[in-house]
Amino acid sequence: MSFVITTPLYYVNDKPHLGSVYTTIICDTISRYKRLVGENVIFITGVDEHGLKIQRTATEKGIEPKTHCDEIAAIFNINWKNWSISFDKFIRTSSKDHEIVVKEFFERVKDSDDIYMGVQKGWYCVGCEEFKDNPENSPTYKCPIHQKNLEWKNEENLFFRLSKYQQEIEKLVNTPSFIEPIERKNEIKNFVSRGLKDFSISRTNVSWGIPVPGYENHTFYVWFDALLGYVSALNSNETDKSLERLNNLGWPADIHLIGKDILRFHAVYWPAMLISAGMRVPQKIIGHGFLTREGQKMGKSLGNVLDPDLLLTKYGNDPVRWYLIKDISLGNDGDFQDKRFVDIINNDLANTIGNLLNRSTSMSRKWFNNKVPAIDKEFNQKSLASLANIATENFINHFEAYKIDLAADEILKLAINTNLYLNDKQPWKLIKEESNITVVKDIIYCVLESTRIIGLLLLPILPELSKKIDSQLGLIYKDEIPWKKQLKWGILQQGSTLPKPIPIINKLEYE
Ligand SMILES: [Zn+2]
């Protein structure tokens with residue numbers, strides 16, 4: 001059994017923006033967690049390359065669409081490596097492998113009698129690659145997302161009989177936990193209850209697309225093609241591409257993590273297409289919110305677009321991950337604020353977690369000859385052990401429910417409690433009396449052990465910081481031993497040597 005998680009296949013109109021980085025980081029964190037608890041994870045990302053918008057962008061640049069796509073796809077690939085994203089598959093929808101899948105899928109849908117020729121009339125947004133429902137409500141005929149004029153289309157297209165699947169889709173979207181969070185689920189339930197309309201799956205004026213077999217001049221509508229990328233990613237290395245074999249390769253996906261703007265495609269159109277082709281539907285769709293900046297929508301015209309590359313160069317991977325994971329509740333909208341970012345990183349990572357590691361290891365080095373103290377008896381200080389156990393349990397429960405902001409919060413709470421414990425016990429006073437040595441050893445051991453667990457809990461969220469904490473405690477983490485086993489209290493080896501101190505996280509300056 002595999003655990004399959006996907007980001008959207010990003011549109012190659014431009015290099016990754018902060019929203020794509022956000023989605024991908026969340027998928028990365030979930031993938032890392034699932035691997036740690038022993039799942040065979042297949043983390044799929046990639047790029048969606050076809051369609052009118054890309055064709056036009058390439059024309060404006062005076063290059064072939066394929067050349068444009070090669071460039072941007074390479075940028076995405078490098079970007080995810082720079083962000084240490086642990087993806088397993090990177091699919092490009094312009095690949096030959098993908099085309100084979102799209103064509104077989106189309107034949108299956110056709111065999112279900114779900115394809116017919118019709119006339120598509122309506123107002124179209126090229127930016128969204130989508131017909132808009134009620135443009136008459138808008139006096140300007142503009143796309144509410146792109147603020148660009150809609151284009152009137154009147155052409156012969158192939159249609160998919162979505163209306164035939166009304167009942168099945170209604171049942172599906174009402175299935176508990178199929179769509180999360182609840183607000184997203186309600187939006188889709190409302191949309192479906194208004195009645196599903198057939199939608200066109202081919203275009204006759206777009207040359208940059210996969211040709212529809214048997215229909216001259218028709219290429220597949222970009223969404224019909226792109227959604228299938230999740231499937232073709234799974235069998236990209238197989239010689240036999242037949243859809244029949246997909247169940248053995250991990251289909252259906254466990255999670256499609258997407259932005260809320262493309263929920264309809266994933267929670268309605270896509271499952272209906274799959275049912276029509278005799279394939280299983282995904283287990284879960286999580287629709288996350290939008291990111292704003294200092295309370296404002298980001299946009300080129302506003303000139304306030306936050307470049308994720310600059311964030312990465314300036315602050316590094318872990319601080320950005322921590323902010324996006326911990327400060328935004330998955331599913332809700334989030335706001336990126338520079339001051340808040342600096343404050344959170346300094347408070348949580350530098351002052352709380354970093355400082356805890358500094359204090360505990362430096363006391364241990366100083367008083368116990370650069371070693372973890374060896375404690376004589378069973379530990380007397382049970383209180384910290386039970387706090388760590390509770391934090392671990394809560395962390396796992398939150399992660400299993402994809403409440404990863406709450407999981408991150410558990411780590412922080414444990415770090416705060418461990419600092420408080422240290423302040424309360426004041427070992428720096430106790431050490432002055434020779435007779436207190438047993439107690440001090442015990443306190444320091446417990447604080448170091450709690451710090452080790454904090455580092456270990458950070459592993460799926462902030463892999464770099466987690467490794468730094470582990471190395472400062474003497475490299476205790478073992479890849480070959482199950483992660484959950486290593487979360488048990490008492491694994492830190494007594495009397496083991498502590499390495500030379502190295503600062504693990506720098507404080508940020510607010511400019
Ligand atoms: Zn639009």
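Colleague: Is C125 buried or exposed, and what relative accessibility does C125 have?

Modeller: Bear in mind that this is a predicted model. The general idea is to compare a residue's relative accessible area with a cut-off, and buried means under 20%. C125 has a relative accessibility of 3%, so C125 counts as buried. C27 is treated in the same manner: its relative accessibility is 0%, and therefore C27 counts as buried.

Colleague: With cysteines in mind, how many disulfides does the structure hold?

Modeller: The structure holds zero disulfides. C125 does have a partner of another kind, however, as C125 is a donor of the zinc ion through its SG atom.

Colleague: Which residues are the protein donors of the zinc ion, and how far from the ion do they lie?

Modeller: One reads a metal site by its donor atoms, and here these are SG of C125, SG of C128, SG of C143 and ND1 of H146, at 2.1 to 2.3 Å from the zinc ion. The angles among the four donor atoms run from 101 to 114 degrees, and the site is tetrahedral. Along the sequence, the donor residues follow the spacing C-x2-C-x14-C-x2-H. Distant parts of the chain are linked by the pair C128 and H146, which are 18 residues apart, with C128 in the loop between β4 (115–125) and β5 and H146 in the loop between β5 and β6.

Colleague: Are C128 and H146 buried or partly exposed?

Modeller: C128 has a relative accessible area of 14%, so C128 is buried. H146, by contrast, is partly exposed, because its relative accessible area is 30%.

Colleague: Where does K132 lie, and which residues is K132 in contact with beyond its neighbours within four places in sequence?

Modeller: K132 lies in the loop between β5 (130–131) and β6, and, those neighbours aside, K132 is in contact with W123, C125, C143 and L150. Two of these contact residues, C125 and C143, also appear among the donors of the zinc ion. The side chain of K132 makes a polar contact with the side chain of E130 at 3.3 Å. Since the relative accessibility of K132 is 18%, K132 counts as buried because the cut-off is under 20%.

Colleague: Which side chains make a polar contact with the side chain of S200?

Modeller: S200 belongs to strand β8 (residues 199–200), and its relative accessible area is 2%, so S200 is buried. Its side chain makes a polar contact with the side chain of Q120 at 2.7 Å, and another with the side chain of R203 at 2.9 Å. Setting aside neighbours within four places in sequence, the residues in contact with S200 are Q120, F131, N157, L158, F159 and Y221.

Colleague: How should I read the buried residues of a helix, and which are they in α2?

Modeller: An α-helix has 3.6 residues a turn, so residues three or four places apart point the same way. In helix α2 (residues 52–61), the buried residues are L52, I54, Q55, T57 and A58, and they pack against β1 (2–11), α3 (65–82) and β6 (151–160). After α2 comes G62, which has a positive phi near 70 degrees.

Colleague: Finally, which residues touch the most other members in the largest nonpolar core?

Modeller: That core has 99 residues, of which W322, F341, F395, L458, I461 and W483 touch the most other members. Helix α16 (residues 437–457) supplies the largest share of this core, with 11 residues. A second, separate core of 63 residues includes I115, L158, F199 and M279.

How values were computed
Residues numbered from 1 in each chain as written. Predicted model: local features only at pLDDT ≥ 70, side-chain atom pairs only at ≥ 80, totals over all residues. Heavy atoms only, no water. Buried < 20%, exposed > 50% of the residue type's maximum accessible area, 1.4 Å probe, protein only. Helix = DSSP H or I, 4+ residues; strand = E, 2+ residues; numbered from the N terminus. Contact = heavy atoms within 4.5 Å. Disulfide = S-S within 2.5 Å. Core = buried A, V, L, I, M, F, W, Y, C linked by side-chain atoms within 4.5 Å. Polar contact = N/O pair within 3.5 Å; in protein donor to acceptor, adjacent residues only side chain to side chain. Donors = N, O, S within 2.8 Å, 3.2 Å for Na, K, Ca; no water. Tetrahedral: all angles 85-135°; square planar, octahedral: opposite > 155°, others 65-115°.
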